[in-house]
Structure formats: structure tokens, C-alpha cells
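Here is a friendly walk through a structure for a reader at the bench. Have the viewer open, and follow along from one element to the next.

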Number of protein chains: 2
Amino acid sequence: MKKILIVHAHPEPASLNRQLVDAAVQTLQEQGHEVLTSDLYGMRWKAVFDEDDFPSRADPDRLHFVRESGHAYANGRQTSDVAAEQEKVLAADAVILQFPLWWFGMPAILKGWVDRVWAYGLAYGYQGAGNRYRYGDGAFKGKRAMLSVTVGGPAADYSPRGINGPLEQLLFPITHGTLFFPGMDVLPTHAVYGTGQIDEEAVAAAKAAWRSRLERLFEEAPIPFRRQNGGDYPDRHVLASDVAAGQTGLLAHVADRRTAPHALEEA
Amino acid sequence: MKKILIVHAHPEPASLNRQLVDAAVQTLQEQGHEVLTSDLYGMRWKAVFDEDDFPSRADPDRLHFVRESGHAYANGRQTSDVAAEQEKVLAADAVILQFPLWWFGMPAILKGWVDRVWAYGLAYGYQGAGNRYRYGDGAFKGKRAMLSVTVGGPAADYSPRGINGPLEQLLFPITHGTLFFPGMDVLPTHAVYGTGQIDEEAVAAAKAAWRSRLERLFEEAPIPFRRQNGGDYPDRHVLASDVAAGQTGLLAHVADRRTAPHALEEA
């Protein structure tokens with residue numbers, strides 16, 4: 001029995017996103033797992049990270065987010081909503097973020113969940129050690145994570161040469177920068193395309209595909225992002241010259257491209 | 001005389017972000033320009049896109065964001081805060097987004113400005129013509145745009161082989177997907193690195209660099225993103241086989257890489 005946290009961000013109960021959440025809860029429970037959910041719209045989640053997040057300030061005169069985040073986390077002075085979400089993430093063996101792709105990223109309410117819940121001392125600056133533990137190490141090491149997105153446009157637009165860019169590259173700031181950063185193993189993104197004009201049959205097919213994807217949630221191989229502390233970044237900043245030699249850009253941070261050549265190139 | 005809109009997202013008046021806004025306002029006014037600002041924290045901008053954005057619904061039974069956005073925009077039934085921001089963008093010759101990089105993207109309050117202000121019929125689905133006008137054409141054609149970001153970590157981490165990925169590739173969902181999409185000419189991102197540990201001297205240098213960058217706001221060459229309707233995408237979805245032949249991924253959508261080889265590779 002595992003615990004899975006599903007954080008989702010659509011206010012319409014009949015939406016495809018909510019149908020996918022319901023399908024996930026059912027599928028995972030049928031497998032004997034426990035499912036936690038964070039319905040951000042239903043919770044009226046506070047999206048904006050601001051001074052109200054720090055009721056007990058380290059510096060009352062000047063708001064410095066990193067400093068106050070670290071102070072609040074270390075001293076148990078976070079707001080209760082943030083602390084509760086952190087407890088759910090820490091309790092989970094896997095975290096799924098379910099959201100509609102808006103302007104090639106997360107809806108603001110979900111970005112605000114990350115901004116507020118990913119505290120200094122926990123998701124970054126783990127153990128007060130600066131960047132010692134990021135990218136493959138950290139407080140969330142050993143947990144799995146997956147994005148599940150609904151996309152209005154067609155898959156072709158997100159294909160390797162599609163006009164929007166490949167979906168997995170557009171989501172790199174989330175998969176690599178937000179989930180792998182504090183140590184999670186991130187699975188390839190699950191996407192339903194063409195939701196702007198989707199019919200009942202396609203919805204049923206999308207739910208079936210999502211269910212069968214979830215059945216392998218704990219078996220599937222994660223995206224082979226390179227670990228900071230695995231030897232590829234000797235100074236913790238830049239790739240060693242003999243690693244992905246001559247290569248630049250996002251894809252240089254994905255290992256095993258010979259065995260997983262399309263890790264970030266397919267839609 | 002031009003009009004420049006600066007949308008900014010930091011609540012602390014003494015923050016580097018706010019100092020950069022002040023420096024920009026002063027520099028641009030000294031050049032004889034008119035500056036409009038949207039201080040999102042100061043305005044207590046509503047970040048969350050939800051049913052309250054649609055006081056007069058096309059479909060009261062099921063909230064479908066694209067449909068309601070198009071209905072509200074076409075019928076003048078948007079909320080007044082959204083309409084006011086659209087008027088500012090439409091009045092501007094250039095739009096600058098000034099923000100701290102949080103988890104490799106915009107703070108939620110700024111993402112929520114995009115989610116709500118970039119309406120269907122205006123920023124996408126322009127003239128009710130689906131994707132006819134996107135990427136280089138559209139309601140905001142002829143305007144310039146630029147991101148100005150403060151970055152906690154060092155520049156090395158965002159260098160061509162840096163562990164975070166190159167900054168300009170991380171920001172592609174914003175530069176290409178959010179600003180170029182409705183037709184803006186997007187300038188290379190302006191970044192100040194290492195703001196986690198910045199001293200007074202470095203702040204002064206950062207402000208000076210920002211001021212001189214702004215002096216060429218209307219002369220500088222934009223990122224040469226390929227226009228959807230310029231011939232490179234015959235079906236409006238995928239690159240023609242002879243364009244950037246054999247290339248995949250985000251960088252395939254930047255033209256003239258021979259003359260601007262580092263367009264998305266340098267930090």
C-alpha cells in the first residue's frame with residue numbers, strides 16, 4: 001500500500017481535469033493505495049505568496065522571501081495551510097499534479113501552491129546547506145512525481161518539430177526545476193491533447209489511457225535527469241566537459257539519451 | 001514619444017525588483033517616453049482565474065474557460081480590472097515584465113495576470129479565427145516585449161551547460177508561448193544573477209546596466225522567433241521539412257541561428 005497525493009487545479013466539477021482526478025482516485029484505490037487530494041479551487045487556496053505568509057518575521061522592516069521562508073519553516077511559524085500541504089507531500093510516496101496547460105504552464109493557483117509550499121529548508125536550501133542537496137537529492141528523495149495535463153491544442157503542435165515546442169521541453173522548469181530539484185523521481189508527463197474540441201468517445205479513451213498509465217505508477221522508469229551529486233557536475237554548477245560533450249541546453253541534463261533518445265523530444 | 005507598460009511583481013518597496021522598476025521609469029521618462037505601471041502586489045491583483053471572472057456566463061451550467069473568456073471579451077462583460085489591463089497593453093508600444101524568478105518561472109500573481117488578461121479573441125483566437133494569427137501576428141503585433149528578471153542563483157547555473165538549463169530556454173514558454181504568440185517582438189531577457197547575496201556595489205551596477213539596456217529598447221533586435229505565417233509552417237502546426245532540417249526542440253523555432261547562434265543558448 002502506497003500513498004499518492006493528487007494536487008489539482010480546475011474549479012469545474014464536470015471538467016475533464018476533474019474526471020481524470022476521479023478516475024485516478026478510483027484506479028489507485030482499487031490497487032489498494034491510499035489517495036490524498038488537494039483540490040486547490042475547492043480549498044480556495046491562497047495563490048499569492050506575500051507578507052501574510054510570514055506572521056512572525058525575521059526582518060520586519062524588509063520582506064526578503066528566501067530569508068522569511070527559511071525562518072518560518074525552521075521555527076514552525078508557517079501558516080497552517082502551507083504546513084498542511086507540506087505534511088501531505090512528505091507523507092506521499094508519489095505526487096501527481098493534474099492541471100490544464102495555460103500559456104504553456106501551470107494555472108496561477110497551482111504555481112502559487114509551489115511558490116508557497118516549496119519552502120526554504122525543505123524544497124531548497126535543504127538542511128541549511130545551500131545547494132548541497134538539489135537535483136536528485138533532498139527532502140523529497142525517494143518519492144515519485146508526475147504531471148498530468150490537459151492541452152487544448154493538437155498533439156502535432158507539441159511534436160518534436162511542432163510550432164509550440166515539444167511539451168516535455170516546455171515543462172522542464174516544472175519537471176526538472178521544481179520536482180527533480182528537491183529530489184523526486186519524475187515520470188514522463190501524461191498529456192491529453194485536443195481538449196478544446198473533445199467528444200465523449202475521446203474522453204472515455206483518455207480516461208482509460210490514464211487508468212492504465214497509473215497502474216504502472218511505481219514501476220515506470222523516470223526521466224533520466226542527471227543527479228547533481230552523481231558525478232556529472234563536479235562543481236555543482238556546470239556539466240563536466242566529458243559529460244554530454246559539446247552539448248548545450250535543456251537536453252544535456254538528461255542522461256542515457258542513447259537508451260531513451262526521445263526523453264524530452266517527443267510530445 | 002512612446003508608451004511603455006511595466007508590469008511588476010514584488011511587494012517589498014526596497015526590493016531589487018522595485019529598484020529596477022524605479023530605474024526604468026526614470027530612464028524612460030528622461031528619454032521623453034510615457035510610462036504606465038501595473039504594480040500587481042500594490043493593486044492586490046486577483047491571481048486566480050475562476051468563475052468570478054465571468055459575471056455573465058455563456059453557459060451557467062459548466063465553466064469552460066476558453067468559451068467564457070471569448071464570450072466575456074466579445075460582449076464587453078469582462079471584469080473591470082481585466083479590461084483595464086488590456087487597455088494598458090493595447091495602448092503600449094512596449095511591455096516589460098519585471099519579476100523575481102521563482103521556481104524557474106513567474107510568481108503566481110504575474111502568471112495570474114497572464115491567465116486573466118490574455119483573453120480569447122484578443123491574445124488567442126484573435127478575430128475568432130482560431131490559430132490563424134498566432135506567433136508573430138495578432139492583436140499585439142508591432143509591440144515590443146521584454147522580461148526583466150532577478151535570479152537568486154549564479155549565472156553559471158544558467159549558462160549553456162549550467163545545471164538549471166539556459167535561462168532563455170527556461171523562459172521560452174513566456175517569451176515564445178506568451179508574448180510572441182499574440183504578436184509581440186520579444187527582446188532577449190534581461191537578467192540580474194546572484195541576487196541572493198548581492199551587495200550595494202552590485203546593485204548599483206545592475207541598475208546602471210538596466211538603464212543602458214533600456215536606452216536601446218526600441219532599437220535592439222528581437223529574438224528571431226519564426227513567424228507562423230512567414231512560410232516556415234505551411235500547415236500552421238509543424239516546421240516544413242527543409243526549415244531547420246533535422247532539428248527538433250525549442251531552438252528549431254529560432255531563425256537566423258547562423259547570425260544569432262546563441263539566441264537561446266547563452267544565459
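## A strand pair and its crossover

In this predicted model, strand β1 (residues 3-8) of chain A pairs with strand β2 (residues 34-39) of chain A in the parallel sense, over six bridges. If you want a spot to look at, find A:Leu5, which stands opposite A:Leu36 in β2(A). Between the two strands, the chain runs from β1(A) through helix α1 (residues 16-30) of chain A to β2(A), a β-α-β crossover that is right-handed.

Chain B has a helix α1 too, with residues 16-30, and B:Glu30 lies in it. Is B:Glu30 buried or exposed? B:Glu30 counts as exposed, because it has 11 C-beta neighbours inside 10 Å and the cut-off for exposed is 12 or fewer. Now look for B:Glu215: it is 185 residues from B:Glu30 along the chain, yet the C-alpha atoms of the two are separated by 9.9 Å.

## Where the chains meet

Next, turn to the contact between the chains. It takes 56 residues from chain A and 57 residues from chain B. On the side of chain A that touches chain B, the elements giving two or more residues are α4 (108-117), α5 (167-170) and α6 (172-180) of chain A. Which of the elements gives the most? That is α4(A), with six residues. The same side of chain A can be sorted by class:

| Class on the side of chain A that touches chain B | Residues |
|---|---|
| Nonpolar | 31 residues |
| Polar | 16 residues |
| Charged | nine residues |

## The core

The largest nonpolar core has 154 residues. Within this core, A:Ile109, A:Leu110, B:Ile109 and B:Leu110 have the most contacts. What does A:Leu110 touch, leaving aside its neighbours within four places in sequence? Its contacts are A:Val7, A:Ala9, A:Leu40, A:Leu97 and A:Phe99.

## How the two copies are related

Finally, compare the chains as whole copies. A turn of 180° and a shift of 0.0 Å along the axis lay chain A on chain B with an RMSD of 0.0 Å. The two copies are therefore related as by a two-fold rotation axis. To find that axis in chain A, go to A:Ala108: its C-alpha is the nearest to the axis, 2.4 Å from it. The same surface serves both copies, and 100% of the contact residues of chain A recur in chain B.

Note on methods: Residues are numbered from 1 along each chain as its sequence is written. Chains are lettered from A and ligands numbered from 1 in the order in which they are written. This is a predicted model: local features need pLDDT of at least 70, side-chain atom pairs count only at pLDDT 80 or more; totals for chains, interfaces and linings use all residues. Two residues are in contact if their C-beta atoms, placed from the backbone, lie within 7 Å. Helices (H or I, at least four residues) and strands (E, at least two) are DSSP runs, numbered from the N terminus. Ala, Val, Leu, Ile, Met, Phe, Trp, Tyr, Cys and Pro count as nonpolar, Asp, Glu, Lys and Arg as charged, and the others, Gly among them, as polar. A nonpolar core is a set of buried Ala, Val, Leu, Ile, Met, Phe, Trp, Tyr and Cys residues joined through C-beta atoms within 7 Å. A residue is buried if 20 or more other C-beta atoms lie within 10 Å of its own, exposed if 12 or fewer, and partly exposed in between; C-beta atoms are placed from the backbone. Copies are superposed by least squares on the C-alpha atoms of residues with pLDDT of at least 70 in both. Two strands pair if DSSP finds at least two bridges between them. A crossover is right-handed if, with the strands pointing away from the viewer, the path from the first strand over the helix to the second runs clockwise.
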